[in-house]
Each structure stands twice: as structure tokens, then as C-alpha cells.
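Hello,

Here is the structure I promised to pass on to you. Please have a look at it first, and then read on for what turned up in it.

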Amino acid sequence: MIEFATDEWAEAFMGVINESEAYAQAAKTWEGDFYFIVEAGENIPQPIYLYVDLWHGKCREAFATTDPSVKDPVFRMSGSLENWRRVIEKKLDPIQGLLTRRFKLKGDMVKVMRAVKAAQELVNCTTLVSTEFPE
Amino acid sequence: MWYFNSPEIVFGEGALAHLEEIEGRRALIVSDENLAALGFVRTVQEHLAKAGMESGVFSQVEPDPSLETVVRGAQAMADYEPDWIVGLGGGSCMDAAKAMWVLYERPDIRPEAINPVEILGLRQKARLITVPTTAGTGAEVTWAIVLSDTQEERKLALGSRENMADIAIVEPGLSKGMPPRLTADTGLDALTHALEGYASTWANDFSDGLCLKATELIFRYLPRAYRDGSDEEAREKMANAATLAGLGFGNSMAGLAHSMGHALGGVFHTPHGRAVGLFLPYTIEYAARENPGRYAQIARYLSLPAQTETEGAGSLVRAIRELLERLEQPMSLREVGIEREALQERMDKLIENAENEATTVVHPRIPTTEELETLFLYAYGGKEIDF
């Protein structure tokens, strides 16, 4: 089991993405990096920024940081640890999470709204990382 | 958590007279040239005049309205400065009105960027009334906006909860003059909303009853409205059913028939209701091979044979196909008039479009790329789903 929102988790996530044929196919034209942000809360003393650089169906770089100035990604999606956990455990549809504003997304909405399949496959990749969450 | 969104709904014979109760200064009616020529726009203007309101008209909405049309309409709004907008027509006019309204309020936004995630802050300049003249789209009570990106040959599913109409006026008399083909096409759109809204993985206690009641009404009254357009009871029940179905799927989601229908419409310009109605039995058959439960519930509600879930789903598919036959609808893409070579040539685009519709990922069974291609091919040949 790998603790969520750590460098080790980011590396494992990158590995799963790069092994996924389904993601590679769905995101073959995608260009854009993300900060997936775990908001501060219980067990999370300060926000954690998971940087994931997605490029043409592959992940070029992934790591965790508490310093948001390290990168300037084109997309930023933030939510509480509880909601990230619910997505990874497939208990919360991320699109519903966005529609109910349990997640906030900043970036080029036109681009992201046209990449439903890639987003779905990316979420599928998270479920393949054997994840443990801070209790 | 989830939301249930609805405008105030005024319905039944004479509902259009509610326009005389509206308080405001100036309204812009968004419609099309046919409805203007038929006098519908004039009728709405007369009601508004009784409310002491001035009115103007933008009647250049085409079927499957383009992003460019929306920009032009928003400019017309900016010039006229209405405090009410009236979307009058089928889904194209009402969706165009919603999008133009967003741009009128927020000129900094591009139409293709209207999304449900960001706060728009509407209703600073105007409010929206929707008046359907068909019985199918449900756009009068949904916040969804479907626009065509003509350059990319793709229909864009846009919208924000904020762009839901304030008032929907469902006047059954407005659909009396619809020709049989349009009655069938739009009615099948409503049926697809009802069935997909019930089967969607986002279905909920608030949407379920609406979808079931709409389904019952459509099976009973659509053939009557198709056969005899002057059947007032059938017209009224279909008008109500379309709005109920809109409320149902608008608060859950549509499914794969919509994804494939939008994809087809974006490339081959098949009328929306005809396309989704055609794909409906195929996509139910496909989903029911893994998840027949929700379809069986619908079958039981309709008193169709459903001793088992599989039998129930099969009964529902048969009932849909029988309805399509009674409405003299095409049962396959070949019957729609699409050449096999053309289909094969545009297959990658069709798949890409369908895969990237949000309605695909809420279908009870999500197809792989290969399965989606096979679904298109089976729908071309009219072949029963066996995978």
C-alpha cells in the first residue's frame, strides 16, 4: 500500500498511466499538466500539490509538493482529502464532484470538457494504485 | 449530494396567456424563420404587449445552432437590451436562447466555454422564459445547451445550472400543427430522455418518477399524435410527457443513445430525435447484457413481460422497436440513407465524438472504443446486439 499524495504515490500513478493502453488511446492528443490539490484539513496540515504532466497519452513527470510555486500548470483541480478518496474508491463520480463544487477546477474549460474519455481513463488509473489514506 | 433544478412551469391549454402576467420592460424573442412565418412569434408578441412590454425578435436560429449564430444573437441582445428573453421553438431555439443570454450577461465568455463548473452570475440584465413548440426536446426545463461546432463537426454539450429558464410555458396548442414526421422524431427524443434518464447511473429518487410517467405517456399517446395531429388529448399529453422527461433526464443524465446520436448528427446531420430514437434499442440491448435491472423495472411499470430482469429488458426493447415501426421510423443507419462507405470513412470521428460525451460515462455499461465501433456497425445493419 502506498500513502496517497506522496512522491511515491505520484510515481506509482505515473507508472500506471504509462502502462495503460486505454489511457494512451483516449488521451493521444491531450497536452496539459495538472496540479491535483489536496486541500488542508484533518490529517493534511497544509495543501499538497500533486503535479502530473500529461502529454499525448503519457505521463512525463509526477511528484508531490507543498510548494505551489514549483510549477505553473495549466490546470488546477482541488478538493478535500475525503473527496479525493471517494473518487479513487469509485464512490464519487468526479464529474458530479465538479458539478456540485466538491471539486474546483481552473484552466481551459473548453479543452477539458472535450476530453471526457481521457478523464475517465485517468480516474481508472488512480484506482489501480494500491492506495492507503491518512486516518 | 445532488441538485434538483426546475423552472416555474405553466402548462395546459391557455398557458401562453401567462405572458400577460410578466412584469418587465422589453423582451427579445429568440426563434426561427418558420415559426415567425407561421405567426407563433406574433402571437407571443401580442401576449407580451398586453403585459405592457415592448418586444423584438431574433429569428435566425437554424436547426442545430452554430456557435456563430449564438454570437450573432448575443450581439442582437446587447443592442436591444431586453430584461426578458423568450426562447420560442424546438430545442435549437431554446438552447440558442440560453447561450445567447449567457453571452449577453457575460460578454467575456465564448459560447463553447459555457460550463457547469464556473459561476456565471446571470440574471443581472435579464431572465429567461422558454416556450416549446414541439413535444420532445425538454429544453424548456433543462440547463443543457447543445450547440454545433461546424468546423470540428461536433455537437457540444454545454450549460450551467444558472442558465435554466425562470419560467417554462408548456402550451399544448403550439404543437398542434406539427407534421407527422416531426411529431415522431421529437416524441422519440422525449422517449429517449425518459428511458436514459431512468437508466443513467446518475438517476435518483427525484428523477425516477418523472421518467417513468413520461415513458408511460409517450407509449400511449405518441402513436395517436402521429396518426392524428388534431388529437388534442394526445398533443397535450405528449407536451406534458416531453417536459416531464426533460425534468427527469435533466436532473439525472441521458445515455449512450444520446452520445451516438450527437456524434451522428455532428457528422451526418441526421435530425436529433430520429438519431437517438434509432440508437435507443441498440444501446439498451448492449447495456442490458450486463445491467438489465433498471430496464426491467421500466418494463414492469409498463406491464410488459418481466419475469426476470433479462426478460424485462428484452420486452422493453421489443416495445421500442414496435413503436418505431408504428411511427414508420428508420430502424437502421442504412434506412436513414447513410452509405456504408461514408460511415466507415467517418468512423474515427464518430467514435471520438461519442466517447467524449458525458452521457457515455453514465450509461449502465460503458463501451470500449472497439465496442463503440461495433455498435455503430450493428446499428447500420439493423443487427441485434450479441456482445
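Before the details, one definition: helices here are DSSP runs of H or I with at least four residues, strands are DSSP runs of E with at least two, and both are numbered from the N terminus. Please also keep in mind that this is a predicted model.

With that naming in hand, let me start with two backbone oddities in chain B. His269(B) lies in the loop between α8 (256-268) and α9 (272-288) of chain B. Its phi is near 60 degrees, a positive value in a residue other than glycine. His269(B) counts as partly exposed, because it has 13 C-beta neighbours inside 10 Å. Asp64(B) also has a positive phi, of about 50 degrees, although it is not a glycine. This residue sits in the loop between β3 and α3 (67-80) of chain B. Is Asp64(B) buried or exposed? Asp64(B) is buried, with 21 other C-beta atoms within 10 Å; the cut-off for that class is 20 or more.

Next, the strands of chain B. Strand β2 (residues 26-30) of chain B is largely enclosed by the rest of the structure, because 4 of its 5 residues are buried. On one count, 5 bridges join β2(B) to strand β3 (residues 54-58) of chain B, and the two run parallel. On another, β2(B) is joined by 4 bridges to strand β4 (residues 84-89) of chain B, again running parallel. Ile29(B) is a handy residue to click on here: Val57(B) in β3(B) stands opposite Ile29(B), and Val86(B) is the bridge partner of Ile29(B) in β4(B).

Val57(B) turns up once more in the surroundings of Ala36(B), a residue of helix α1 (residues 33-37) of chain B. Leaving aside residues up to four places away in sequence, Ala36(B) touches Ser31(B), Val41(B), Val57(B) and Ser59(B). Ala36(B) is partly exposed, with 17 other C-beta atoms within 10 Å. If you want a distance to check, the C-alpha atoms of Ala36(B) and Gln60(B) are separated by 9.8 Å, with their positions 24 residues apart along the chain.

Two helix pairs in chain B may interest you as well. How do α5(B) and α6(B) pack? Helix α5 (residues 180-199) of chain B and helix α6 (residues 205-227) of chain B make an angle of about 160 degrees, and their axes are 8 Å apart. That makes the two helices roughly antiparallel, since angles over 145 degrees fall into that class. The crossing of α5(B) past α6(B) is left-handed. Among the residues that meet there are Gly187(B), Ala190(B) and Leu191(B) from α5(B), and Leu212(B), Thr215(B) and Ile218(B) from α6(B). By class, this contact has 14 nonpolar, 5 polar and 1 charged residues.

The second pair is helix α14 (residues 347-355) of chain B with helix α15 (residues 369-381) of chain B, packed at an angle of about 115 degrees with axes 10 Å apart. Here the crossing is right-handed. Met347(B), Leu350(B), Ile351(B), Ala354(B) and Glu355(B) in α14(B) meet Thr369(B), Leu372(B), Glu373(B) and Phe376(B) in α15(B). The residues of this contact divide into 6 nonpolar, 1 polar and 2 charged.

Over to chain A, which holds an open sheet of 5 strands in the order β4-β3-β2-β5-β6, with mixed pairing. At its edges stand β4 (58-65) and β6 (103-106) of chain A, each with a single partner strand, so one side of each is left without a neighbour in the sheet. Neighbouring strands are turned by 15 degrees against each other on average, direction ignored. Strand β3 (residues 48-55) of chain A pairs with β4(A) in the antiparallel sense over 7 bridges, and Tyr49(A) has Thr65(A) as its bridge partner in β4(A). Helix α1 (residues 7-19) of chain A packs on this sheet and touches β3 and β4 of chain A. The direction of that helix makes about 170 degrees with that of β4(A).

Finally, the place where the chains meet. The contact takes 15 residues from chain A and 16 residues from chain B. On the chain A side, α4 (94-99), α5 (109-113) and α6 (116-127) each supply at least two residues, and α4(A) gives the most, with 4 residues. That side divides into 9 nonpolar, 4 polar and 2 charged residues.

Happy browsing, and best wishes

Technical notes:
Residues numbered from 1 in each chain as written. Chains lettered and ligands numbered in written order. Predicted model: local features only at pLDDT ≥ 70, side-chain atom pairs only at ≥ 80, totals over all residues. Contact = placed C-beta atoms within 7 Å. Nonpolar A, V, L, I, M, F, W, Y, C, P; charged D, E, K, R; others polar. Axes fitted to C-alpha atoms, helices over the stretch in contact; angles between N-to-C directions. Parallel < 35°, antiparallel > 145°, perpendicular 65-115°, else oblique. Left-handed = near helix turned anticlockwise from the far one by under 90°. Buried ≥ 20, exposed ≤ 12 C-beta atoms within 10 Å, placed from the backbone. Pairing = 2+ DSSP bridges.
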